[in-house]
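Welcome! Here are a few short exercises, each with a worked solution. Take a look at the model first, then try each task before reading on.

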Amino acid sequence: MACLNEAMGKGRKTLVLVIAKLRKKYTLKALLNYTKLAKSTYYDALKKLSREDKYKGLKTLIHNICNKNHGCINRE
């Protein structure tokens, strides 16, 4: 469970991904008890990870504009 200890400090997304991988070896209840993560929080985060980014096209466009302008963007 060393990978869980490491994932606990890296954010919820990483933690949920590690728990999903470890479900083959351990029960979900044991993993959630160990990480003190609520079952509803786990499933909500898992659902969000599986969703496609609806702003992907817009982000690509913005990234291309920034690259074209040598990354100069006013962030005020």
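**Exercise 1.** In which helix does Ile65 lie? Find out, too, how exposed Ile65 is.

*Solution.* The model you are looking at is predicted. Start with the position: Ile65 belongs to helix 5, which spans residues 56-68. Next comes exposure: buried would require under 20% relative accessible area and exposed over 50%. Ile65 has 44% relative accessibility, so Ile65 counts as partly exposed. Finally, look at the surroundings: Ile65 joins Tyr55, Leu58, Leu61 and Ile62 in a nonpolar surface patch of about 470 Å².

**Exercise 2.** Work out which residues of helix 3 are buried and which exposed residues sit on the face turned away from them.

*Solution.* First, go through residues 28-35: the buried ones are Leu28, Leu31, Leu32 and Thr35. Because they cover an arc of only 95° around the axis, they lie on the same side of helix 3. Then turn to the face away from that buried side, where the exposed residues Lys29 and Asn33 are found. To finish, step past the end of the helix: Lys36 follows helix 3 and has a positive phi, near 55°.

**Exercise 3.** Find the salt bridges, and say how many the structure holds.

*Solution.* There are two. One pairs the side chains of Lys48 and Asp44, at 3.5 Å from N to O. These residues are four apart in helix 4 (residues 39-50), so about one helical turn separates them. Asp53 and Lys59 form a salt bridge too, with their closest N and O atoms 2.7 Å apart. As a last step, check accessibility: Asp44 is partly exposed at 35% relative accessible area, and Asp53 is partly exposed at 32%.

Terms used: Residues are numbered from 1 along each chain as its sequence is written. This is a predicted model: local features need pLDDT of at least 70, side-chain atom pairs count only at pLDDT 80 or more; totals for chains, interfaces and linings use all residues. Side-chain values use heavy atoms; hydrogens and water are left out. Buried means under 20% relative accessible area, exposed over 50%, partly exposed in between (1.4 Å probe, protein chains only). Helices (H or I, at least four residues) and strands (E, at least two) are DSSP runs, numbered from the N terminus. The arc is that of the directions from the helix axis to the C-beta atoms. Patches are made of residues with over 30% relative accessible area and no salt bridge: like charges are joined within 9 Å, nonpolar side chains (Val, Leu, Ile, Met, Phe, Trp, Tyr) within 5 Å. Accessible areas come from the Shrake-Rupley method with a 1.4 Å probe; for residues, only the protein chains shown count as cover. A salt bridge is a side-chain nitrogen of Lys or Arg within 4 Å of a carboxyl oxygen of Asp or Glu.
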